[in-house]
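Let's walk through this one together, with the sequence and the model side by side. We'll start with how helices sit against each other and then move on to individual side chains.

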Amino acid sequence: MRSDPDLAEDAAQGSEAAYAELVRRHQARVRGMARRLTGSASDGDDIAQITFLKAWQKIGTYTGGTFSAWICTICWREYLQARRKQKIEIEFDETAEIVPFMRTQSDEVGDQMDLTNALQKLTEAQRVCVTLCVAAGLSHREAADATGWPLGTVKSHVTRGVDALRKQLASSQVA
Amino acid sequence: MMREQETYSDLTDLFTAEDRKLDPAPFVQDVMGGIRRKALMRRVLLGAVGLAGASVAAMQLPKLLSGWTGLDLALTKSVVDASKDASLLSTVDPLWLVVGGVVTLSLLAITTWERT
């Protein structure tokens, strides 16, 4: 099986087949990330699609390293851009209220899984850090680079977010 | 040292299992379709702009050629006229040729002096 950097190199030379393989490999991670960030399947898939279109345009700038971190960084920026269009600022305060992202009733029907519900109950900053590090599998350093937040802040949000998530899951299982 | 991810690998597995349920085929098709549409649009746009540029250039061509022909004719005419005048002058009075020769030699001498 060809490596991500090899496929990216071919894609940079115009190979659509190589890029399609990259999309196939990373779509689940990126869609999952976008869905969790937005809290909506349709908005998440829209952002994931824009992410891959942008990545195709920028594929020449990929200089090796973890492809998933590179693509997740683009996804994070697209998510921020979509939020800016809605003029919703991310609140990094631990005590901040959870800000929903254009949730519709039809989206909520498909979002009834415990894990998703538990994630939506975290604070905004915790949800972002848990989504990037725990769900998308980025290292704390990669998540800090992607978001531009300090490494210590990311670690702290991940730790608290994971604790809160475990508590939520445990309580939903008891109930 | 324990890696940071190992402390929550169980949760990562849960998320990964959730993501694996997503059907990749329609999504990949949508993305690649979008890429092809954009490429097609770019090609059409570039082609249209190129064609418009070529048309404008082609429209300017007759004007350019006529200008060039005019310039060429004017040069030829002046050379012919000059030689006619020179021969006319020499037939009227050969002294004019001597005067012309002296002036030309003087100009050449001054030019050479100035350059050195």
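In which hand of crossing, left-handed or right-handed, does α7(A) pass α8(A)? Keep in mind as you look that this is a predicted model. The crossing of α7(A) over α8(A) is right-handed. As for geometry, the axes of α7(A) and helix α8 (residues 140-147) of chain A are 9 Å apart, and the two helices pack at an angle of about 125°. That angle makes α7(A) oblique to α8(A). If you want to find the contact by eye, look on the α7(A) side for A:Val128, A:Leu132 and A:Cys133, and on the α8(A) side for A:His140, A:Ala143 and A:Thr147.

Now stay on α7(A) and look across to chain B. Here the partner is helix α1 (residues 9-20) of chain B, and the two axes come within 9 Å and cross at roughly 90°. That puts α7(A) roughly perpendicular to α1(B). The residues that meet are A:Val130, A:Val134 and A:Ala135 from α7(A), with B:Leu11, B:Thr12 and B:Phe15 from α1(B).

Let's zoom out for a moment. Chain A has nine helices and zero strands, so there's no sheet to look for, since strands would have to show up as DSSP runs of E at least two residues long. Read along the sequence, the pattern of chain A is just α-α-α-α-α-α-α-α-α. Of its 175 residues, 50% count as buried. Take the contacts in chain A between residues at least 6 apart in sequence: 61% of them join residues at least 24 apart.

Time for some charges. Side chains of opposite charge can pair when their charged atoms come close. Over all chains, the count comes to 15 salt bridges. One of them involves α7(A) again: A:Arg83 and A:Glu124 meet through their side chains at 2.6 Å, N to O. A:Arg83 lies in helix α4 (residues 67-85) of chain A and A:Glu124 in helix α7 (residues 124-135) of chain A, so this salt bridge ties together parts that are 41 residues apart in sequence. Both A:Arg83 and A:Glu124 are buried.

A second salt bridge takes us to the start of chain A, where the side chains of A:Asp4 and A:Arg25 meet at 2.7 Å, N to O. A:Asp4 sits in helix α1 (residues 4-12) of chain A and A:Arg25 in helix α2 (residues 16-38) of chain A, so the pair links parts 21 residues apart in sequence. What about burial? A:Asp4 counts as buried, at 17% relative accessibility, while A:Arg25 counts as partly exposed, at 25%. These two residues also belong to a wider arrangement: A:Asp4, A:Glu21, A:Arg24 and A:Arg25 are linked in a network of salt bridges.

Helix α2 of chain A also reaches out to the other chain. The side chains of B:Arg36 and A:Glu16 meet in a salt bridge of 2.9 Å, N to O. B:Arg36 lies in helix α2 (residues 24-92) of chain B and A:Glu16 in helix α2 of chain A, so this pair joins two chains. Both ends are partly exposed: B:Arg36 has a relative accessible area of 45%, and A:Glu16 has one of 25%.

While you're on helix α2 of chain A, have a look at A:Gln27, which also has its place there. At 4% relative accessibility, A:Gln27 counts as buried. Leaving aside residues up to four places away in sequence, A:Gln27 touches A:Gly32 and A:Phe52 in its own chain, plus B:Leu22, B:Asp23, B:Pro24 and B:Phe27 from chain B.

Last stop: the rings. A search of the whole structure turns up seven aromatic pairs over all chains. One is A:Tyr62 with A:Phe67, an edge-to-face pair at 5.2 Å centre to centre, with 80° between the planes. Another is A:Phe67 with A:Trp70, whose centres are 5.4 Å apart and whose planes stand at 45°, so this pair is tilted. A:Phe67 and A:Trp70 are three residues apart in helix α4 of chain A, which separates them by about one helical turn. Together, the ring pairs link A:Tyr62, A:Phe67 and A:Trp70 into a cluster. As for accessibility, both A:Tyr62 and A:Phe67 are buried, and so are both A:Phe67 and A:Trp70.

Methods:
Residues are numbered from 1 along each chain as its sequence is written. Chains are lettered from A and ligands numbered from 1 in the order in which they are written. This is a predicted model: local features need pLDDT of at least 70, side-chain atom pairs count only at pLDDT 80 or more; totals for chains, interfaces and linings use all residues. Side-chain values use heavy atoms; hydrogens and water are left out. A salt bridge is a side-chain nitrogen of Lys or Arg within 4 Å of a carboxyl oxygen of Asp or Glu. Helices (H or I, at least four residues) and strands (E, at least two) are DSSP runs, numbered from the N terminus. Buried means under 20% relative accessible area, exposed over 50%, partly exposed in between (1.4 Å probe, protein chains only). Rings of Phe, Tyr and Trp (its six-membered ring) pair if their centres lie within 6.5 Å; planes under 30 degrees apart count as stacked, over 60 as edge-to-face and the rest as tilted. Axes are lines fitted to C-alpha atoms, for helices over the stretch in contact, and angles run from 0 to 180 degrees between N-to-C directions. Angles under 35 degrees count as roughly parallel, over 145 as roughly antiparallel, 65 to 115 as roughly perpendicular and the rest as oblique. A crossing is left-handed if the near helix is turned anticlockwise from the far one by less than a right angle, and right-handed if clockwise. Contact means heavy atoms within 4.5 Å.
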